[in-house]
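Subject: Structure for you to look at

Hello,

Here is the structure I said I would pass on. Please open it first; my notes follow below.

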Amino acid sequence: MSPPDTATLLEDAADRIADISRADLQIMLRRAALRLRNAGAVSMEDDVEEALRDLAGELGMTRNDTIRFIVREWMEMNTYFPVHTLHEDGEVDGTA
């Protein structure tokens, strides 16, 4: 059986906050902070990193925001998100 993950440990601690020691809580919070800090790190090959850096500068976005933007655009273009259709006879209130 695998040990519980950080989120499970934090939820359990929140349920029994009066019973948990300060030291245990500090350890869990530091683990959570470390995971959050490292969660945004996606490593790419050097040529991809360079192209990503150039695009981020061109768009005026951070590297992570650029990655989010690219993934979202890709998902929309490949219909992983629901497509909203407009009916020809429907009302658009002056906008389309």
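I will start with one residue, since several of the findings meet there. Glu49 is buried, because its relative accessible area is 17% and the cut-off for buried is under 20%. Please keep in mind that this is a predicted model.

Glu49 belongs to helix α3. Apart from its neighbours within four places in sequence, Glu49 is in contact with Val42, Ser43, Met44 and Arg63. With one of these, Arg63, there is also a salt bridge, and the closest N and O atoms of the two are 2.7 Å apart. This pair links distant parts of the chain: Arg63 sits in helix α4 and Glu49 in helix α3, with their positions 14 residues apart. Arg63 has a relative accessible area of 27%, so it counts as partly exposed.

Now the chain as a whole. The protein chain has four helices and zero strands, and from the N terminus on its elements run α-α-α-α. There are 96 residues in the protein chain, and buried ones make up 10% of them. The area that the protein chain exposes is about 8,600 Å², with 55% of it supplied by carbon and sulfur atoms. Among the contacts in the chain with a separation of 6 or more, 11% are between residues 24 or more positions apart.

Next, the salt bridges. How many salt bridges does the count come to? The count comes to four, and the pair of Arg63 and Glu49 described above is one of them. Two others are worth listing here:

- Asp12 and Arg16 meet through their side chains in a salt bridge, at 2.9 Å from N to O. Asp12 is partly exposed because its relative accessibility is 34%. Arg16 is likewise partly exposed, at 33%.
- Arg68 and Asp65 form a salt bridge in which the closest N and O atoms are 2.7 Å apart. Both residues lie in helix α4, three residues apart, which is about one turn of the helix. Arg68 counts as exposed, since its relative accessibility is 53%, whereas Asp65 has a relative accessible area of 33% and is partly exposed.

Helix α4 covers residues 63–77, and Thr66 lies in it. Is Thr66 buried or exposed? Thr66 is buried, because its relative accessible area is 0%. Not counting residues up to four places away in sequence, Thr66 touches Leu52, Leu55, Ala56, Leu59 and Met61.

Last, the surface charge. A patch of negative charge on the surface is formed by Glu45, Asp46, Asp47, Glu50, Asp54 and Glu58. One of these residues, Asp54, is found in helix α3, which spans residues 46–59. Glu49 is in helix α3 too, but Glu49 is buried at 17% relative accessibility, and a patch takes residues with over 30% relative accessible area and no salt bridge, so Glu49 is not eligible for it.

If you want a place to begin, look at Glu49 and Arg63, where helix α3 and helix α4 are linked, and then at Thr66 in helix α4.

Regards

Technical notes. Residues are numbered from 1 along each chain as its sequence is written. This is a predicted model: local features need pLDDT of at least 70, side-chain atom pairs count only at pLDDT 80 or more; totals for chains, interfaces and linings use all residues. Side-chain values use heavy atoms; hydrogens and water are left out. Patches are made of residues with over 30% relative accessible area and no salt bridge: like charges are joined within 9 Å, nonpolar side chains (Val, Leu, Ile, Met, Phe, Trp, Tyr) within 5 Å. Accessible areas come from the Shrake-Rupley method with a 1.4 Å probe; for residues, only the protein chains shown count as cover. Lys and Arg count as positive and Asp and Glu as negative; His and the chain ends are not counted. The place of a charge is taken as NZ of Lys, CZ of Arg, CG of Asp or CD of Glu. Helices (H or I, at least four residues) and strands (E, at least two) are DSSP runs, numbered from the N terminus. Buried means under 20% relative accessible area, exposed over 50%, partly exposed in between (1.4 Å probe, protein chains only). Contact means heavy atoms within 4.5 Å.
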